[in-house]
Every structure is written in C-alpha cells, then in structure tokens.
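Student: I've got a structure to go through and I'm not sure how to read it. Can we take it step by step?

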Amino acid sequence: MEFIVKKELTEIFSRLGEWVAQSERPVVITHLNPDGDAIGSLLGLYLYLKNSGKKAHGMTPNNFPAFLRWLPSAGEIVRYQGHEKRARQILQEADLLIMVDFNDPKRLGRLCREVTASSVRKAIIDHHPNPALDAGLVAVQEDASSAAELVFSFIGQTGGKKAITPEIAECIYTGIMTDTGCFSFNSSRPESFRTVARLLETGIDKDRIFNKVYNNFSVRRMQLLGYALYRKMKVLTKYHSAYMVLTLDEQKEFGFVTGDSEGFVNYPLAVRGVIFSVLVVEKAGHVKLSFRSKGKFNVNEFARKYFSGGGHVNAAGGESNESLEKTVHLLEKTISISAHELEEAFRQA
Ligand code: 5GP
Ligand code: MN
C-alpha cells in the first residue's frame with residue numbers, strides 16, 4: 001500500500017487520473033450513515049465521472065438524511081442496504097472503486113465484504129488519520145477541511161477549471177460547509193477559502209445551500225433537540241464534559257428518522273467550561289456514540305481506545321455492543337479516567 005501525504009498529493013492524483021482515464025465503470029463509495037461531506041464528495045466525483053462519459057455509479061452502505069436529498073443527482077445513488085442484488089451486480093461489473101471520506105473498512109458496514117472481495121483497482125480520497133483500508137492509491141491529507149476539498153483538487157487537476165460545473169460545485173460546497181461547521185473549525189488553511197472562492201465563481205448560491213441543509217428540519221426534530229438539551233443534557237463540571245443519551249423509546253416518541261440527531265452533539269460545547277461533548281444514541285442491537293471537543297482534547301484517540309471508533313482530533317464517533325445502561329456507565333468511567341487530559345485541555349482552551 002502506498003501512503004501519500006500532501007506533498008505527493010499532486011502525483012497521486014495524476015496517477016488516479018490515469019486510472020480514471022482507463023476505467024469505463026468506476027464506482028464511488030462512501031461510509032455508513034453518510035454525512036454532508038460523504039454525500040458531497042461522492043456526488044461531486046460521481047458527476048465528474050459521468051460528465052467524462054463513464055458508466056459511473058455512486059454507492060452508500062445505507063440510507064442518508066433528508067437534508068442531503070436535494071443535492072444534484074442524489075436520487076441516483078445506489079443504497080446497498082435494501083438493494084443488495086443491484087449493488088452487487090454494479091460492483092461485479094465495476095473496474096475501479098474510489099472510496100471517499102473514510103479509510104477504515106469497518107465504516108462500510110455490510111458493504112465491507114463486497115468491497116474487500118473485489119479484485120479491481122481501489123483508490124481512497126480522504127482526510128482522516130490512521131488509514132486501515134487496503135487500496136492501490138491512497139490520497140490522504142489530514143489537514144484538509146473535508147474530503148470534498150480534496151475531490152475538488154482532484155477534479156481541478158485532472159479536468160481543469162471547466163470540469164467544475166455548478167452542480168459539482170454545489171456538492172463540494174456542501175461537503176466543505178458541513179465538515180467545517182459552516183467554517184468554524186477545520187478551516188484555518190487559506191487554501192480551503194481559495195477553494196470556496198473558486199466554487200462561488202461557478203455561480204452557486206451559498207445561502208440557498210445553507211438553508212437547504214440547516215433550515216430544513218421537521219418540527220419533531222426541533223422538539224427533540226429542545227427535549228435533549230432541557231431534559232437529557234448531563235454536565236460533568238468536574239471533567240469539563242457533557243453528554244446526552246437518546247433511548248429508542250424517546251426516538252419513537254419524536255418520530256425519529258435518519259439524520260434527526262445530526263449536530264446535537266455540538267450544542268453542549270457552547271456551554272462555558274465544557275470542552276468535551278458526547279451524544280449517545282440507542283440503536284436496535286447496538287449503541288452509537290458521537291464525540292466532539294474544543295481545543296487539544298483528542299476525541300479520535302478517545303473513540304479508538306474505548307469505543308472501537310475513530311475520526312478527527314475534535315470530531316469522532318464510535319459504538320458499543322453493550323446495553324445502553326452499561327455503555328453510559330463505561331462512558332462515565334472513561335471520562336473520569338481522562339480527567340488529567342481534560343483538565344490540561346481545559347486550561348489551554
Ligand atoms: P459523527 O459523530 O458525526 O457520526 O462522526 C464524526 C466523525 O467521526 C466522522 O466524520 C468520522 O470521521 C468519525 N466517525 C464516526 N463514527 C465512526 C466510527 O464508528 N468509526 C470510526 N473509525 N470513525 C467514526
Ligand atoms: Mn469528512
């Protein structure tokens with residue numbers, strides 16, 4: 001496996017450009033429970049491949065939230081879960097797999113087996129640390145704002161400025177906007193803003209995109225957020241931490257659908273003194289955890305160490321196969337074990 005960091009990114013992109021030129025049936029794949037960057041990167045690249053005359057496909061392991069379904073060609077994405085037969089056929093006919101916004105096979109869910117079994121060329125475009133997925137070309141830039149920003153670089157380098165159509169620009173802008181919390185984190189590199197400037201030059205309406213993503217929720221979702229903050233937020237002042245737990249019963253009560261708790265985990269960070277926030281969501285058969293931090297506290301390490309997960313320094317996720325009760329207990333314990341790191345990070349914040 002070749003591990004390429006930013007200096008060599010141009011070189012790896014030019015080799016990926018050759019692979020794309022030789023491919024007739026490329027498939028772009030992203031991770032389980034896709035977020036804005038996953039879908040934005042996937043669609044941006046998919047549209048570019050389609051515009052280049054390929055019989056391209058975009059594939060996700062499972063469903064994605066309604067606030068991303070307005071994106072250009074989102075309806076063409078093949079969801080593996082529920083459409084296994086069609087997805088398998090597409091993968092069998094594929095001659096190139098490009099994975100975006102993840103680099104750990106565990107993040108593919110049940111699609112993992114199909115991808116690892118495939119013997120065609122595989123490439124990764126991503127911004128996560130610790131790559132663990134085997135691929136012939138690995139284009140990883142950890143300090144990039146998003147995978148979408150890297151997809152932009154790849155398309156720009158391979159197809160030139162004209163290849164960035166307004167549709168592609170909308171997808172990539174959505175990826176950058178969502179993965180940086182509307183340019184509030186992961187966005188201190190001037191290059192990210194140069195990318196955004198180039199996207200705006202295609203004529204896209206960034207305010208419309210903002211409204212489609214962030215002002216497009218159901219009444220129930222807003223009420224669930226209010227409920228979570230009012231009734232469920234537990235602040236552990238001593239540890240500069242806060243967490244919220246959403247049980248299956250509570251989700252049912254609020255008519256929970258995919259994506260409804262997206263962003264909830266960020267709110268407790270707005271409390272003075274809180275530098276670590278966790279959202280615990282009970283699922284059928286397991287528990288999903290989301291971690292966010294301000295400053296130096298490394299939630300990627302925390303998620304890897306205690307909840308078989310990972311992510312970035314300030315945003316990560318993981319899961320537990322224990323009961324909800326045991327998971328929350330473990331969370332409290334692991335937070336108390338991390339008291340020293342939390343205190344250090346709090347002092348430096
Ligand atoms: P979220 O909390 O929004 O689900 O995920 C935040 C970030 O954490 C994602 O962008 C991804 O990088 C990472 N992440 C989330 N869940 C998992 C997981 O189960 N495993 C790993 N390795 N990373 C995850
Ligand atoms: Mn991302």
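Student: Is D179 buried or exposed?

Tutor: Keep in mind that this is a predicted model. The relative accessibility of D179 is 13%. Buried means under 20%, so D179 counts as buried.

Student: Which residues coordinate the manganese ion (ligand 2)?

Tutor: Look for side-chain atoms at 2.1 to 2.4 Å from the ion. Three of the donors are OD atoms of aspartates, and one is the NE2 of a histidine. Along the chain, the donors follow the spacing D-x63-D-x25-H-x51-D. The residues are D37, D101, H127 and D179.

Student: How many residues apart in sequence are the parts that D37 and D179 tie together?

Tutor: D37 sits in helix α2 (residues 36-51). D179 belongs to helix α6 (residues 166-179). Both coordinate the manganese ion (ligand 2), so the pair ties together parts whose separation in sequence is 142 residues.

Student: And what is the relative accessible area of D37?

Tutor: Buried means under 20%, and D37 is buried. Its relative accessible area is 0%.

Student: Let's move to the sheet. What is the order of the strands in the open sheet?

Tutor: The sheet has six strands, with parallel pairing. β3 and β6 (137-140) stand at the edges with a single partner strand each, so one side of each has no neighbour in the sheet. Reading across from β3, the order is β3-β2-β1-β4-β5-β6.

Student: What handedness does the crossover from β1 to β2 have?

Tutor: Strand β1 (residues 26-29) and strand β2 (residues 57-60) pair in the parallel sense over three bridges, and V28 stands opposite G58 in β2. The chain goes from β1 through α2 to reach β2. This β-α-β crossover is right-handed.

Student: Which residue in β4 is the bridge partner of I29?

Tutor: β1 also runs parallel to strand β4 (residues 96-100), with four bridges joining the two. In β4, the partner of I29 is M99.

Student: Now the inside. Which residues have the most contacts inside the largest nonpolar core?

Tutor: In soluble globular proteins, nonpolar side chains tend to be buried together. The largest nonpolar core here has 51 residues. α2 gives the most to this core, with eight residues. The residues with the most contacts inside it are L45 and I125.

Student: How many residues are in the other core?

Tutor: That core lies apart from the 51-residue one. Among its members are L236, V287, I335 and A345. Its count is 23 residues.

Student: Which residues does F67 contact, leaving aside neighbours within four places in sequence?

Tutor: F67 is in the loop between β2 and β3, and its relative accessible area of 8% makes it buried. F67 and S261 are 194 residues apart in sequence, yet 12 Å apart in space, C-alpha to C-alpha. The contacts of F67 are K212, V213, F217, G259 and E262.

Student: Last one: which side chain makes a polar contact with the side chain of N300?

Tutor: N300 lies in helix α11 (residues 299-306), and at 7% relative accessibility N300 counts as buried. Among the residues that N300 touches are P129, G310 and H312. The polar contact is at 3.5 Å, and the partner is N130.

Conventions. Residues are numbered from 1 along each chain as its sequence is written. Chains are lettered from A and ligands numbered from 1 in the order in which they are written. This is a predicted model: local features need pLDDT of at least 70, side-chain atom pairs count only at pLDDT 80 or more; totals for chains, interfaces and linings use all residues. Side-chain values use heavy atoms; hydrogens and water are left out. Donors are N, O and S atoms within 2.8 Å of the metal (3.2 Å for Na, K and Ca); water is not among the atoms, so sites may look incomplete. Buried means under 20% relative accessible area, exposed over 50%, partly exposed in between (1.4 Å probe, protein chains only). A polar contact is a pair of N or O atoms within 3.5 Å; within protein, one must be able to donate a hydrogen and the other to accept it, and residues adjacent in sequence count only if both atoms are side-chain atoms. Contact means heavy atoms within 4.5 Å. Two strands pair if DSSP finds at least two bridges between them. A crossover is right-handed if, with the strands pointing away from the viewer, the path from the first strand over the helix to the second runs clockwise. A nonpolar core is a set of buried Ala, Val, Leu, Ile, Met, Phe, Trp, Tyr and Cys residues joined through side-chain atoms within 4.5 Å.
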